[in-house]
Amino acid sequence: GKAPLQDSQANGRFPIILGDSPEARQAGIHVASLARDGYRIRITPEQILIAGRDAPGEDGEVLFKAFGASSSAGALISDLAWDFERGTLHGVYRFLEECGCRWFLPGRLGEIVPANPGLTLRACDIQEEPAFALRVFGRTAWHAPSSEHVPIYDRVQAELDALGMTGVENRFWLLRNRASSEWFAFNHRPPRTYWEARFGTSHPEYFAVLASGQRDLAGASGQRHTGHLCYSAEGVFRETVADVDAFFSGRHAQERGIPERFTRNLQHNNGWQPAACYGDTVSLLPHDGFRGCHCPDCLAKTNPDAPAWQIHSNLVWPFIARVAAEIEPRHPDKLLICLAYSSYSRVPEGLALPDNVIVGVCPRVLNKTYNLLDPAAYGELMSLVRELHKANAMPLLYWFHHLYRLRLRQATYYGVPMLLPHFFGRLIPDLALYGRLFFCEMDHDSILFEHLNRYVVMRLLFDPESDV
């Protein structure tokens, strides 16, 4: 029950003790046993203890540099600047919620801080750890979308200005709602490791043969988004393994032939694009808009009679498994990630993926939240999730699109909110049974249309049992 906290100090002040302190350890709080982003809060009549795992060194100083900074301070609000452990800070915001504070959207209009001079708190011992290690819903930095996506661009900008919706305010909103502090690499690899620039001239055989007989190279195929690979070419396997090995060994991207012009702003990551190579992870996701190779070896692994989302599963996933098996003994603590996406949305039956692979769930049609409102589609998604979960012993990654009004659909749906808090209240607990990484793109034409979804989803990703 609630009871006033009694002052136990001679100086008349009640102690609130933060972090991995002697007092916390004496009370049985051992932060090393907590998951990343987790915390423990212990409130007794004598003191308040709040502690979690915190990064040593100067990384956390970005908190003070960003507070009050201009929204143009991109280096202070980038995702990579905030990739450090801050469990105690999460615990502090959780404690403030016990005091009645809430942050529903970035900026003062979304902040609730009750005036309560006679504050009372219940004695309690709270230990909370996130269900999902990656918790991303929407853009991590709000900004006005390009005018080609939004027919009334001036109104979007006016909304941003009226709400004070700056990148810095959004970053602090993410902190207060305990967004994940760790990043993973899981985006399309070939364009982010510059295969065309490195091998387009010297090794055209690395690239997919189109139905026309031409290689999928800029200026030759006439296609958009060129540089799709031939996954039967031995050189593609060899160079992929060499790239992964180089990154995990701490070697600079230029040592692997990536031109200096693509690395000069990425020295913090040894010149590698973080979307493809970061931390303990490397993405093996093929190029977007997948075009399967028409060489005889690739065609033998292609099933044109299969459903559209399985045509190239036997081409892509055995390649992933082969690279993973080669990397595992060299880097046993590192992970490779690939989405079940496009025309390879299923892992072939009978293919056992090594346990250094994280499978991502991003199947055609079923990766869009508005399609999942149909009970049959929802059931189909969960059936696929359970199937993909059996591919190995690793938890899944999820990539969804909460995109209702984007691009051409704007002409029909502009001004129509798509608020789905109770849908997410069902979806996220179901997904939490099988995965630990969640990433969802969302419409960004109107903050007011989306902030309720975003607030609810961020809370559910930390605790799927939260009451919507």
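**Figure 1. Pro329, an exposed loop residue in a predicted model.** This structure is a predicted model. Pro329 has a relative accessible area of 64%, so it counts as exposed. The cut-off for that label is over 50%. Pro329 belongs to the loop between α11 and β12. Gly279 lies 50 residues from Pro329 in sequence. In space, the C-alpha atoms of Pro329 and Gly279 are 18 Å apart.

**Figure 2. The whole protein.** The protein has 15 helices and 15 strands. Its radius of gyration is 24 Å, and the globule rule gives 23 Å for 468 residues. The two values are close, so the protein is as compact as a globular protein of that length. Along the principal axes, the C-alpha atoms fill a box of roughly 85 × 55 × 45 Å. Buried residues make up 53% of the 468. The protein exposes about 20800 Å². Carbon and sulfur atoms supply 51% of that area. Take the contacts between residues at least 6 apart in sequence: 73% of them join residues at least 24 apart.

**Figure 3. The largest nonpolar core and Phe438.** This core holds 115 residues. Val359, Tyr398 and Phe438 touch the most other members. Helix α11 (residues 313-327) gives the core its largest share, 9 residues. A second core is separate and has 11 residues, among them Tyr39, Ile41, Ile43 and Phe95. The close-up then turns to Phe438. Neighbours within four places in sequence are left aside here. Phe438 then contacts Phe132, Leu134, Arg135, Val136 and Phe137, among others. Its partners also include Tyr398 and Phe400. Leu431, Val457 and Leu461 are in contact with Phe438 too.

**Figure 4. Helix α14 and its cover.** Helix α14 runs over residues 421-432, which makes 12 residues. At 1.5 Å a residue, α14 should span 16 Å. The rule counts one less than the number of residues. The end C-alpha atoms of α14 are 16 Å apart, so the model agrees with the expected span. Buried residues in α14 include Pro421, Phe423 and Phe424. Leu427, Ile428, Pro429 and Leu431 of α14 are buried as well. Several elements cover these buried residues, including the strands β9 (134-137), β14 (396-402) and β15 (435-442). The helices α12 (375-389) and α15 (447-462) are also part of the cover.

**Figure 5. Thr369, a buried loop residue.** Thr369 sits in the loop between β13 and α12. Is Thr369 buried or exposed? Thr369 counts as buried because its relative accessibility is 0%, and the cut-off is under 20%. The side chain of Thr369 makes a polar contact with the side chain of His402, at 2.8 Å. With neighbours within four places in sequence set aside, Thr369 is in contact with His401, His402 and Met418, among others. Phe423 and Phe424 also contact Thr369. Both of these phenylalanines are buried residues of α14.

**Figure 6. Ser283 in strand β11.** Strand β11 covers residues 281-283 and includes Ser283. The relative accessible area of Ser283 is 0%, so this serine is buried. Which backbone atoms does the side chain of Ser283 reach? One is the backbone oxygen of Asn187, at 2.5 Å. Another is the backbone nitrogen of Leu285, at 3.1 Å. Residues up to four places away in sequence are not counted in the next list. Ser283 touches Ala185, Phe186, Asn187 and Arg189, and also Ala275, Ala276 and Ile337. Leu431 of α14 is 148 residues from Ser283 along the chain. The C-alpha atoms of Ser283 and Leu431 are separated by 22 Å.

**Figure 7. Tyr194 and Ser342, two residues with positive phi.** Most residues other than glycine have a negative phi. Tyr194 has a positive phi, near 55°. Tyr194 lies in the loop between α7 (189-192) and α8 (195-199). Its relative accessibility is 16%, so Tyr194 counts as buried. Ser342 also has a positive phi, near 55°. Ser342 is in the loop between β12 (335-341) and β13 (357-362). A relative accessible area of 16% means that Ser342 is buried.

Definitions and conventions
Residues are numbered from 1 along each chain as its sequence is written. This is a predicted model: local features need pLDDT of at least 70, side-chain atom pairs count only at pLDDT 80 or more; totals for chains, interfaces and linings use all residues. Side-chain values use heavy atoms; hydrogens and water are left out. A nonpolar core is a set of buried Ala, Val, Leu, Ile, Met, Phe, Trp, Tyr and Cys residues joined through side-chain atoms within 4.5 Å. Buried means under 20% relative accessible area, exposed over 50%, partly exposed in between (1.4 Å probe, protein chains only). Helices (H or I, at least four residues) and strands (E, at least two) are DSSP runs, numbered from the N terminus. Contact means heavy atoms within 4.5 Å. A polar contact is a pair of N or O atoms within 3.5 Å; within protein, one must be able to donate a hydrogen and the other to accept it, and residues adjacent in sequence count only if both atoms are side-chain atoms. The radius of gyration is taken over C-alpha atoms; the globule rule is 2.2 Å times the number of residues to the power 0.38. Accessible areas come from the Shrake-Rupley method with a 1.4 Å probe; for residues, only the protein chains shown count as cover.
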